[in-house]
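Open the model in your viewer and keep the sequence panel beside it. This tour goes from one residue to a helix and then to the two chains together.

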Number of protein chains: 2
Amino acid sequence: MFKNILIVGCGLIGSSILRASINKKISKNLFVFEKSKKNIREIKKINKKIIILKKLDIRGLEISKEISDIDLVILATPMSQYEKVIPHLNKYLSKKSLITDVGSTKENISRLKNNSLSKSLDWIMSHPISGSEVSGPKYGSKSLFINKWCIVFSDKNKIKQKKLVNFWKKIGSKVIIMDEKVHDKIFSITSHLPHLIAYNLIKTAQDFQKTQKKDVIKFSAGGLRDFSRIAASNEIMWRDIFFNNKKNIVSAIDLFIKNLKSFKKNIENLDDNTLRKKLVNSKKVRQQILNLKQDIAKPDFGRDQN
Amino acid sequence: MFKNILIVGCGLIGSSILRASINKKISKNLFVFEKSKKNIREIKKINKKIIILKKLDIRGLEISKEISDIDLVILATPMSQYEKVIPHLNKYLSKKSLITDVGSTKENISRLKNNSLSKSLDWIMSHPISGSEVSGPKYGSKSLFINKWCIVFSDKNKIKQKKLVNFWKKIGSKVIIMDEKVHDKIFSITSHLPHLIAYNLIKTAQDFQKTQKKDVIKFSAGGLRDFSRIAASNEIMWRDIFFNNKKNIVSAIDLFIKNLKSFKKNIENLDDNTLRKKLVNSKKVRQQILNLKQDIAKPDFGRDQN
């Protein structure tokens with residue numbers, strides 16, 4: 001499908017792409033550029049054939065014949081690193097190459113590539129909707145993308161777009177085409193706000209524990225623990241998302257606070273009718289999510305501590 | 001341990017106590033009072049020896065010799081039903097009996113029993129910290145309480161308190177003694193606020209979907225789905241909790257909103273330093289929760305859709 005794939009940044013997502021690509025024999029050679037020595041040690045364990053680049057100077061390598069043949073570059077670093085990578089892409093890639101990324105916000109990436117990428121190169125954005133609270137190649141998995149959505153962004157080069165869609169499908173994703181504006185709005189609600197709220201709830205519990213001197217973490221099984229999972233997500237990745245999708249996230253926060261104040265009023269007024277209607281309506285969403293196979297259809301996520 | 005246990009209200013929690021009691025052979029006879037016919041059908045499947053009462057008139061039964069021997073009554077109805085049950089307890093129970101409940105808020109129950117329960121009867125409150133988004137006896141489990149906290153509330157009758165503690169331990173709980181004021185404060189943060197926030201997040205997503213006409217549920221795997229589980233919890237139970245612990249919950253909401261507004265400001269100002277500090281701090285709580293065995297120590301709750 002591809003001869004040479006280069007993965008730039010090889011954490012949870014990068015290493016999962018790597019594993020899935022090896023598993024599906026998608027390319028002849030797999031190149032990885034990764035800064036962390038600890039991560040490199042993990043990546044070496046995956047497969048001996050992986051070629052780890054010491055610098056992002058593709059031409060400087062022994063394998064110099066391959067240079068013009070890097071046909072897919074996947075950026076899987078935190079988004080804040082993309083800017084530093086682009087000059088290398090401009091310098092070393094040929095116009096035959098296809099660039100993609102796995103960033104979680106897209107209007108910013110779209111602006112960045114329009115401003116900084118060489119006009120002769122093609123960068124078609126992707127967003128695989130998969131991830132976890134854990135980071136690093138240690139936790140990567142070849143089946144991370146199976147039956148998960150991957151969003152590919154519409155591009156005028158339909159041949160390359162098709163190739164990219166096929167790549168994601170090959171490693172198990174269900175692909176959908178979207179534009180970046182719609183994407184950033186939808187994910188401000190389905191992903192960015194939930195993460196922010198989870199972080200904020202944990203912060204609130206910490207503040208309470210400090211001021212009230214009461215042990216709250218100990219009793220977190222009553223609900224708090226669910227939020228602590230998401231609030232343990234990688235801070236660099238999430239800082240980048242919050243900053244890059246600022247406008248949509250701020251709107252989402254405002255809508256959330258408006259609703260929360262109304263909820264508070266319902267409680268203060270013991271407004272049984274309104275409150276119950278809200279609770280019953282929320283319940284329906286869980287069933288919709290299960291019907292769409294977006295979560296495991298077992299009570300309590302099927303988790304069992306016994 | 002007991003000769004006759006009566007469980008009033010036999011949904012998820014009641015039927016789990018029933019199953020665990022049968023499993024541990026805790027009492028000679030097990031009586032159940034349950035209003036829902038559907039639930040009764042489920043309960044009959046559990047064990048043929050369970051005696052289902054047609055009304056809460058213990059004296060009116062065939063098994064009238066047992067009357068004065070109901071030695072443990074467990075209230076497991078929604079809290080809003082307790083008031084209706086008390087006259088029956090006053091009328092039919094002897095002072096040898098021990099009453100407990102499994103309600104999620106305690107200052108209200110404490111007030112209720114002080115005001116309405118016959119002075120000759122002993123009601124020592126319990127709160128097992130276990131539950132699920134699903135309701136009804138169909139989902140009950142004999143191992144629901146294993147290694148979970150159960151809070152027992154301090155009482156002057158230390159003999160009966162000890163008996164109650166032993167009951168919970170026998171069915172697997174780790175027991176801790178607490179007072180109702182501290183309890184209601186702690187659980188406003190570890191349980192009630194998380195549930196309210198989850199309901200409110202789902203409501204916000206629904207509002208967004210309606211006004212923006214964008215499909216958000218479809219992409220809920222990016223975070224939203226975690227909240228949808230909790231927001232599918234029983235509405236009667238949660239209405240009761242929100243109303244009964246109003247004062248603490250309102251304080252918790254206020255603290256939450258204050259923190260959220262500060263988070264929003266950090267995002268608007270691209271305040272990297274403050275924001276990152278908050279994210280890193282939240283991460284620590286997950287590890288504390290895992291160390292305390294309050295959640296399953298697997299990424300993504302160990303759920304796997306593949």
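**Stop 1: a residue in chain B**

Select A198(B), which lies in helix 6 (residues 180-212) of chain B. The model you are looking at is predicted. Is A198(B) buried or exposed? A residue counts as buried if 20 or more other C-beta atoms lie within 10 Å of its own. A198(B) has 28 C-beta neighbours inside 10 Å, so it counts as buried.

Now show what A198(B) touches. Leaving out residues up to four places away in sequence, A198(B) touches F227(B), I230(B) and A231(B). Add D226(B) to the selection: it is 28 residues from A198(B) along the chain, and the C-alpha atoms of the two are separated by 8.8 Å.

**Stop 2: helix 8 of chain A**

Move to chain A and select residues 235-244, which form helix 8. Nine of the ten residues of this helix are buried, so helix 8 of chain A is mostly covered. The buried residues include M237(A), D240(A), I241(A), F243(A) and N244(A).

What covers the buried residues of helix 8 of chain A? From chain A, the cover includes helix 4 (107-116), helix 6 (180-212) and helix 9 (246-268). From chain B, it includes helix 9 (246-268) and helix 10.

**Stop 3: helix 8 of chain A against helix 10 of chain B**

Keep helix 8 of chain A and add residues 272-291 of chain B, which form helix 10. The two helices pack at an angle of about 135°, with their axes 10 Å apart. That angle makes helix 8 of chain A oblique to helix 10 of chain B. Their crossing is right-handed.

Display the side chains at this contact:

- From helix 8 of chain A: E235(A), W238(A), R239(A) and F242(A).
- From helix 10 of chain B: D272(B), L275(B), R276(B), L279(B), V280(B) and K283(B).

Of these contact residues, five are nonpolar, none is polar and five are charged.

**Stop 4: both chains**

Zoom out and colour by chain. The contact between the chains takes 95 residues from chain A and 95 residues from chain B. On the side of chain A that touches chain B, helix 6 of chain A gives the most, with 23 residues. The residues of that side divide into 49 nonpolar, 22 polar and 24 charged.

Finally, compare the copies. A turn of 180° and a shift of 0.0 Å along the axis lay chain A on chain B with an RMSD of 0.0 Å. This is the relation of a two-fold axis. The copies meet through the same surface, because 100% of the interface residues of chain A are also interface residues in chain B.

Technical notes
Residues numbered from 1 in each chain as written. Chains lettered and ligands numbered in written order. Predicted model: local features only at pLDDT ≥ 70, side-chain atom pairs only at ≥ 80, totals over all residues. Axes fitted to C-alpha atoms, helices over the stretch in contact; angles between N-to-C directions. Helix = DSSP H or I, 4+ residues; strand = E, 2+ residues; numbered from the N terminus. Parallel < 35°, antiparallel > 145°, perpendicular 65-115°, else oblique. Left-handed = near helix turned anticlockwise from the far one by under 90°. Contact = placed C-beta atoms within 7 Å. Nonpolar A, V, L, I, M, F, W, Y, C, P; charged D, E, K, R; others polar. Least-squares fit on C-alpha atoms with pLDDT ≥ 70 in both. Buried ≥ 20, exposed ≤ 12 C-beta atoms within 10 Å, placed from the backbone.
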